[in-house]
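Open the model in your viewer and keep the selection panel at hand. We will go from one stop to the next, choosing residues and looking at what lies around them.

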Number of protein chains: 2
Amino acid sequence: MIHAIIMAGGAGTRFWPASRRHRPKQFLDLADGRPLLRATFERVAPIVPADRIWVVSGQRTTEATRSLLAELPAENVLGEPSGRDTAACAGYAAHVVLSRDPEGVCVVLPADHLIGDEERLRSALATGARHVESQGGLLTFGVRPTRPETGYGYLKLGEPHSQIEGWRIHRLDGFVEKPDLATARTYAASDGYLWNSGMFAWRARDLLEEIRRQLPLLADGLQLIADALGHPSEASTLHDLYPRLPRTSIDFGVMEGARRRWTIPVDFTWSDVGSWPALAELLACDADGNVAQGRVLPIDALDNVLISEGPVVAAVDVEGVIVIATKDAVLVLPAASGQRVKEVVSRLEELGWDDVL
Amino acid sequence: MIHAIIMAGGAGTRFWPASRRHRPKQFLDLADGRPLLRATFERVAPIVPADRIWVVSGQRTTEATRSLLAELPAENVLGEPSGRDTAACAGYAAHVVLSRDPEGVCVVLPADHLIGDEERLRSALATGARHVESQGGLLTFGVRPTRPETGYGYLKLGEPHSQIEGWRIHRLDGFVEKPDLATARTYAASDGYLWNSGMFAWRARDLLEEIRRQLPLLADGLQLIADALGHPSEASTLHDLYPRLPRTSIDFGVMEGARRRWTIPVDFTWSDVGSWPALAELLACDADGNVAQGRVLPIDALDNVLISEGPVVAAVDVEGVIVIATKDAVLVLPAASGQRVKEVVSRLEELGWDDVL
């Protein structure tokens with residue numbers, strides 16, 4: 001049976017000051033009136049019943065996740081004692097699925113992305129699940145590039161293998177880290193590369209088998225955690241072992257070396273919304289190019305991103321600037337420096353200004 | 001006897017968002033740990049007893065003024081029903097003084113300026129008061145220019161007349177509106193021009209005589225208000241007539257055409273703190289040229305003015321920008337546009353965002 005794994009463990013420091021430790025990015029309503037995590041849940045709910053939707057959250061946000069997704073059984077929200085990257089996260093979830101459903105197939109979704117055509121997404125996910133159910137292997141969904149984006153990783157498309165309901169399933173030839181602009185242009189112009197969406201499909205046991213083969217230390221740790229599932233020691237075992245699991249990503253730690261790899265090229269609008277400027281590109285702007293949300297007042301201001309969760313923000317004679325205001329913190333930086341927000345969060349940690357972290 | 005008139009009627013829109021309708025500039029602690037009005041009071045208190053210090057305030061801020069200056073008799077805070085510029089303000093105060101003290105001499109001080117050497121100020125004020133007490137006429141205090149400032153009006157220094165305790169009293173030859181830079185350079189390089197500090201001294205009856213001679217409509221209105229002082233109709237008369245008084249400044253409405261005019265050149269540090277950039281010049285900055293007040297965090301930021309009354313403000317990769325944050329409003333603009341804050345306030349009024357006005 002199909003299960004959905006929503007990976008909701010991100011700290012989301014790139015959206016400070018809107019995102020905080022207790023309200024990371026997946027809890028933000030960045031675009032469509034719903035928190036991103038809620039939107040992710042609602043996207044899969046029509047094809048996966050709630051008792052087979054699993055959310056892996058940071059332990060700090062487990063309760064907030066349960067509140068936001070009240071339809072889920074409480075035990076379907078899995079709290080990671082600490083973030084150990086996506087291989088540990090997906091492996092842990094696969095064990096939980098396997099303990100309920102030995103033939104379980106997982107579709108894996110990051111909690112904090114934006115997707116345009118949700119019907120198409122569901123169709124692609126169902127197709128991917130059907131394919132791995134019958135063929136085995138690990139499958140990733142790749143987005144056809146619409147621009148030479150340097151902020152995403154890419155997938156190298158392999159030979160076509162089969163076709164299900166209009167979706168072509170290809171072999172996956174490999175992963176490419178975020179390219180420079182010249183390389184990204186080549187990729188965007190060719191038909192041979194896709195954006196790595198971070199969405200996957202596999203049978204739970206196939207993923208765990210690949211982890212066992214390629215990452216034995218991770219497999220050992222996960223197995224000890226799995227053995228404790230349903231036992232009185234479940235929580236303490238998780239708490240003791242999870243923080244010591246090896247930290248690696250699904251993409252490079254597991255998929256890159258997997259024996260059977262697939263990809264389905266998809267064509268719906270997709271964004272990982274990785275920064276304030278990336279968000280701004282998805283939002284409507286006024287005649288002066290300003291993205292304005294909340295009570296903001298641009299005067300002779302061009303091409304700015306002005307977002308307020310409360311305070312009035314007046315911006316005069318400025319160009320290409322991002323101003324984000326919450327009730328207790330304000331960020332000002334040029335759009336070109338949009339990737340530096342993480343540094344702000346690091347400095348705030350050094351300063352011990354915990355109330356705004 | 002000497003009386004001090006503190007003119008505290010300013011709306012202070014140039015310091016939005018720190019200044020508001022109910023907390024105009026004179027209530028802000030911009031530099032030395034005291035609200036500007038409190039500092040003005042404390043500067044004159046050593047030479048003028050509290051019952052002879054008069055504060056003319058907007059009616060909206062009368063109670064706040066009384067709270068801030070608890071040493072003052074309540075009736076010494078005069079509420080203007082609406083702002084009618086400095087000639088009406090000084091004339092009204094002169095009538096109040098005259099009703100108590102027919103020989104009263106007034107030193108007149110704006111409530112929202114910064115002054116360095118307060119001992120020197122008091123010495124100059126006492127000297128000015130002594131001079132006009134014996135010689136009559138209207139006297140202004142002029143600050144020796146230290147730079148070619150285009151943001152101030154200038155006084156044209158006339159012939160020396162006399163000397164009291166080291167202070168030279170000159171004839172005043174006239175007023176000059178804010179000059180362009182070339183003219184300001186000429187003035188700053190010559191010995192013949194002073195900055196118009198907005199501080200004055202005169203006998204109450206001499207001021208009123210000049211108003212009578214030059215501004216008969218204003219004199220008539222003020223006389224009706226004066227006739228009601230101490231009567232049951234005092235408040236209603238003030239309320240009815242004051243808003244209709246002709247609106248003109250002491251400088252151009254009265255001093256410019258006065259028959260006997262004096263000026264005392266003074267050399268203490270003085271600023272009218274007319275804008276955020278003007279304030280910034282008075283404050284200490286860090287090694288990167290940032291003026292930083294409150295919980296502000298500049299990262300690779302040069303020559304900015306970052307002032308917060310509460311929210312954390314992080315500014316990354318910006319230069320020459322002013323960011324002012326209060327709990328409910330944020331202002332972002334280049335230092336070079338520091339004079340445009342009034343426009344922000346006008347736009348907020350148009351938008352009806354009264355909660356931040």
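**First stop: a pair of facing residues in chain A**

Select A:Pro160 and A:His170: A:Pro160 stands opposite A:His170, which lies in strand S8(A). Before going further, note that this is a predicted model, in which local features need pLDDT of at least 70 and side-chain atom pairs count only at pLDDT 80 or more, while totals for chains, interfaces and linings use all residues. Residues are numbered from 1 along each chain as its sequence is written, and chains are lettered from A and ligands numbered from 1 in the order in which they are written.

Names such as S8 come from DSSP runs numbered from the N terminus: helices are H or I runs of at least four residues, and strands are E runs of at least two. Two strands count as paired if DSSP finds at least two bridges between them.

Now widen the selection to residues 154-164 and 167-176 of chain A. These are strands S7(A) and S8(A), which run antiparallel and are joined by eight bridges. Look also for A:Ser162, which faces A:Ile169 of S8(A). What links the two strands? S7(A) and S8(A) make a hairpin with two residues between them, and A:Glu165 in the turn has a positive phi of about 45 degrees.

Add residues 193-203 of chain A, which are strand S9(A); S7(A) pairs with S9(A) in the antiparallel sense over three bridges. There, A:Tyr154 has A:Trp195 as its bridge partner. Next add residues 261-266 of chain A, strand S10(A), which runs antiparallel to S8(A) and is joined to S8(A) by two bridges. A:His170 appears again here, standing opposite A:Thr263 in S10(A).

**Second stop: two helices in chain B**

Select residues 216-228 and 234-241 of chain B. These are helices H7(B) and H8(B), packed at an angle of about 165 degrees with their axes 8 Å apart. The axes are lines fitted to C-alpha atoms, for helices over the stretch in contact, and angles run from 0 to 180 degrees between N-to-C directions. H7(B) and H8(B) are therefore roughly antiparallel to each other (angles over 145 degrees count as roughly antiparallel, under 35 as roughly parallel, 65 to 115 as roughly perpendicular and the rest as oblique).

Which residues make the contact? On H7(B) they are B:Gly221, B:Leu224, B:Ile225 and B:Ala228, and on H8(B) they are B:Glu234, B:Thr237, B:Leu238 and B:Leu241. Residues are in contact if their C-beta atoms, placed from the backbone, lie within 7 Å. The contact residues divide into five nonpolar, two polar and one charged. In this grouping Ala, Val, Leu, Ile, Met, Phe, Trp, Tyr, Cys and Pro are nonpolar, Asp, Glu, Lys and Arg are charged, and the others, Gly among them, are polar.

Pick B:Ser233 in the loop between H7 and H8 of chain B. Is B:Ser233 buried, exposed or partly exposed? B:Ser233 is partly exposed, with 13 other C-beta atoms within 10 Å (20 or more would make a residue buried and 12 or fewer exposed, with partly exposed in between; C-beta atoms are placed from the backbone). From B:Ser233 to B:Asp206 there are 27 residues in sequence and 27 Å in space, C-alpha to C-alpha.

**Third stop: a sheet built from both chains**

Show both chains and find the six-strand open sheet with the order S13(A)-S15(A)-S17(B)-S16(B)-S14(B)-S12(B) and mixed pairing. S13 (296-299) of chain A and S12 (291-293) of chain B stand at the edges with a single partner strand each, so one side of each has no neighbour in the sheet. Neighbouring strands are turned by 5 degrees against each other on average, direction ignored.

Select residues 312-316 of chain A and 329-334 of chain B: S15(A) and S17(B) pair in the parallel sense over four bridges. A:Ala315 stands opposite B:Val332 in S17(B). Helix H11(B), residues 341-351, packs on the sheet, touching S13 and S15 of chain A together with S17 of chain B, and its direction makes about 130 degrees with that of S13(A).

**Last stop: where the chains meet**

The contact takes 30 residues from chain A and 30 residues from chain B. On the side of chain A that touches chain B, S17(A) gives the largest share, six residues. The residues of that side divide into 22 nonpolar, one polar and seven charged.

Notes:
Contact = placed C-beta atoms within 7 Å.
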